[in-house]
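The following note sets out several points on the structure for your consideration. Please read the points alongside the sequence and the coordinates.

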Amino acid sequence: MTTTIKACIFDLDGVIVDTAVYHYKAWKRLANELGFDFTEHQNEQLKGVSRTRSLELILGWGGVTKTAEEQVELATRKNNWYVEMINQMTPAEILPGAKEFLEACRNTGLKTALGSASKNSMTILNKVGIANLFDAIVDGNHVTTPKPDPEVFLKGAEALGVAPAECVVFEDAIAGVQAAKNGGMKAVGIGSPDVLTEADLVVSGLDKVTIETIKEL
Ligand code: BG6
Ligand code: MG
């Protein structure tokens with residue numbers, strides 16, 4: 001039985017904009033100040049992962065132990081550097097096809113929502129000038145349980161007034177694809193089919209997907 005798709009829910013980092021590079025630079029600076037380094041390959045494991053959990057992983061890689069209080073200070077220090085970088089973002093940093101696909105959704109009557117782990121999503125959307133293309137925005141400020149828990153996407157569906165089965169989620173992180181599937185939604189992976197094995201379809205970017213394709217999922 002096919003269900004009618006009524007809404008598209010988008011992850012932000014790695015789907016609409018490539019902020020992973022800024023997260024990496026800021027975390028790397030923090031690790032360097034603590035006296036160690038980590039690789040771009042290790043950084044892949046931080047995609048879609050919350051700020052607090054990212055710090056825990058990084059401290060583990062460096063073999064460094066910090067108190068809860070110190071961890072709050074370190075996460076804040078990293079975030080301040082990250083915010084400095086995203087404050088410089090321009091519309092040129094929207095990933096290919098993202099704006100066009102959001103506009104196409106709205107032109108064909110599909111609702112749109114953001115479903116991001118980031119607490120900085122509004123800053124980014126305003127800087128790149130596309131906040132007005134979302135009917136609902138759910139981000140790290142609104143959820144208590146991180147992906148792969150489906151909370152962020154279920155809250156998005158609820159805000160749009162559609163059933164989970166009527167939603168397609170666009171995600172670049174394994175945990176994000178799992179969150180969509182755990183929520184009973186369709187998932188389009190943005191990246192490599194070898195990595196995003198649980199997605200219903202994998203494309204290299206939003207420039208490679210059409211409204212017709214997602215309606216047939
Ligand atoms: C996700 C990113 O979108 O947001 C993660 O993929 C990041 O790398 C997480 O840690 C939280 O972001 P922020 O902006 O709240 O630190
Ligand atoms: Mg992402």
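Donors to a metal are here N, O and S atoms within 2.8 Å of it, with 3.2 Å applied to Na, K and Ca; water is not among the atoms, so sites may look incomplete. The points below concern a predicted model.

1. Metal site. Which residues are the protein donors of the magnesium ion (ligand 2)? They are Asp11 (OD), Asp13 (O) and Asp172 (OD), at 2.0 to 2.1 Å from the ion. Asp11 lies in the loop between β1 and α1 (20-33), and Asp172 in the loop between β4 and α8 (174-182), so this pair ties together parts that are 161 residues apart in sequence. The spacing of the donor residues along the sequence is D-x1-D-x158-D. Both Asp11 and Asp172 are buried.

2. Helix α5, buried side. Within α5 (residues 98-107), the residues Ala98, Phe101, Leu102 and Cys105 are buried. Viewed down the axis of α5, its buried residues fall within an arc of 100 degrees, so they line one face of the helix. This agrees with a general rule: an α-helix has 3.6 residues a turn, so residues three or four places apart point the same way. The buried residues of α5 pack against the strands β1 (7-10), β2 (111-115) and β4 (167-171), and against α9 (211-215).

3. Helix α5, opposite side and exit. Glu100 and Asn107 are exposed, and they sit on the face of α5 turned away from its buried side. Just after α5, Gly109 adopts a positive phi of about 85 degrees.

4. Thr112. This residue belongs to strand β2. Is Thr112 buried or exposed? Its relative accessibility is 0%, so Thr112 counts as buried. Leaving aside residues up to four places away in sequence, the contacts of Thr112 include Leu102 and Cys105, together with Cys8, Phe10, Leu133 and Asp135. The C-alpha atoms of Thr112 and Gly183 are separated by 17 Å, and the two residues are 71 apart along the chain.

5. Packing of α1 and α4. Two packed helices are described by the angle between their axes and the distance between the axes. For α1 and α4 (residues 68-86), the angle is about 140 degrees and the axes are 9 Å apart. That value makes α1 oblique to α4. The crossing of α1 past α4 is right-handed. On the α1 side the residues in contact include Tyr22, Trp27 and Leu30, while those on the α4 side include Leu74, Trp81 and Met85.

Terms used. Residues are numbered from 1 along each chain as its sequence is written. Chains are lettered from A and ligands numbered from 1 in the order in which they are written. This is a predicted model: local features need pLDDT of at least 70, side-chain atom pairs count only at pLDDT 80 or more; totals for chains, interfaces and linings use all residues. Side-chain values use heavy atoms; hydrogens and water are left out. Buried means under 20% relative accessible area, exposed over 50%, partly exposed in between (1.4 Å probe, protein chains only). Helices (H or I, at least four residues) and strands (E, at least two) are DSSP runs, numbered from the N terminus. The arc is that of the directions from the helix axis to the C-beta atoms. Contact means heavy atoms within 4.5 Å. Axes are lines fitted to C-alpha atoms, for helices over the stretch in contact, and angles run from 0 to 180 degrees between N-to-C directions. Angles under 35 degrees count as roughly parallel, over 145 as roughly antiparallel, 65 to 115 as roughly perpendicular and the rest as oblique. A crossing is left-handed if the near helix is turned anticlockwise from the far one by less than a right angle, and right-handed if clockwise.
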